[in-house]
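Welcome to a short tour of one chain. Have a look at the fold below, and then we can walk through its backbone, its core and its surface together.

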Amino acid sequence: MAGTSPCASCKLLRRRCAKDCIFAPFFPSDDPHKFANVHKIFGASNVSKMLQELPVHQRADAVSSLVYEANARMRDPVYGCVGAISYLQNQVSELQMQLAVAQAEILCIKMQHEPMVPPQQIMDGPDDQKSYFLHNNNLAQYLSFPPSSNVIHDSLNRENIFGHDMVS
């Protein structure tokens, strides 16, 4: 990078930016915090070794991952990326639960609108009791769920761990 300003890594490390600087393509001088966080978490020497071991076409993805991980570790020194992953997994579980409750409510509503079938018409098959409960509106009382307004809806209003709304 002779003749131009040194890359962010060389500027931070106070060294001359060589023409073949491994950091220059990924850490431009106009974004010094990007390298600063990576350097604080991983160390310039380790990052340099990692990048040299990778094929050239994979280095940009590796740097992107290192920057993401370093930023996550700066925000949450204990859990880092794992904290973000855990938060998202919990949110997925909560949404799956809400979906299951909604599907059960739909089933109950459908069952309430089906016509009543007298039990003597159903009791002729081998699975007499199962058939009776599947075709009778009594199943709705066993699957009765509270109205959907009682389901946890605040998850969409929560902020993620990075302080930005998950839903725009």
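## Backbone turns, core and surface

Let us begin just after α2, where G43 takes a positive phi of about 90 degrees. The model is a predicted one, and another positive phi in it, of about 55 degrees, belongs to R14, which is not a glycine. Most residues other than glycine have a negative phi. R14 sits in the loop between α1 and α2. Is R14 buried or exposed? With a relative accessibility of 77%, R14 is exposed, because exposed residues are those over 50%.

| Residue | Phi (degrees) |
|---|---|
| R14 | about 55 |
| G43 | about 90 |

Now for the overall plan. The chain has 8 helices and 0 strands, so to speak a run of α-α-α-α-α-α-α-α from the N terminus on. Of its 168 residues, 29% are buried. Among contacts between residues at least 6 apart in sequence, 52% join residues at least 24 apart.

Which residues have the most contacts inside the largest nonpolar core? They are C7, C21, F23, F27 and L51, in a core of 20 residues. Two or more residues each come from α1 (8–13), α2 (32–42), α3 (44–53) and α4 (56–75), with α4 giving the largest share, 5 residues. In soluble globular proteins, nonpolar side chains tend to be buried together.

F23 is a good place to zoom in. Leaving aside residues up to four places away in sequence, F23 touches C7, S9, R15, F35, A44, V47, S48 and L51. One of these partners, F35, is buried in α2, as are A36, N37 and V38. The cover over the buried residues of α2 includes α1, α3 and α4.

Turning to the outside, the accessible surface of the chain comes to about 11,600 Å², and carbon and sulfur atoms hold 56% of that area. V78, Y79 and V82 form a nonpolar patch on the surface, with about 330 Å² of accessible area together. V82 belongs to helix α5 (residues 81–113). At a relative accessible area of 53%, V82 counts as exposed.

Finally, a word on confidence. The mean pLDDT of the chain is 78, and 66% of its residues reach 70 or more. Over residues 145–168 the pLDDT is below 50, and this stretch has 38 contacts in the model beyond near neighbours in sequence.

Technical notes:
Residues numbered from 1 in each chain as written. Predicted model: local features only at pLDDT ≥ 70, side-chain atom pairs only at ≥ 80, totals over all residues. Heavy atoms only, no water. Core = buried A, V, L, I, M, F, W, Y, C linked by side-chain atoms within 4.5 Å. Buried < 20%, exposed > 50% of the residue type's maximum accessible area, 1.4 Å probe, protein only. Helix = DSSP H or I, 4+ residues; strand = E, 2+ residues; numbered from the N terminus. Contact = heavy atoms within 4.5 Å. Patch = residues over 30% accessible without salt bridge, like charges linked within 9 Å, V, L, I, M, F, W, Y side chains within 5 Å. Areas by Shrake-Rupley, 256 points an atom, 1.4 Å probe, with all protein chains shown as cover. Salt bridge = Lys/Arg side-chain N within 4 Å of Asp/Glu carboxyl O. pLDDT = per-residue confidence, 0-100.
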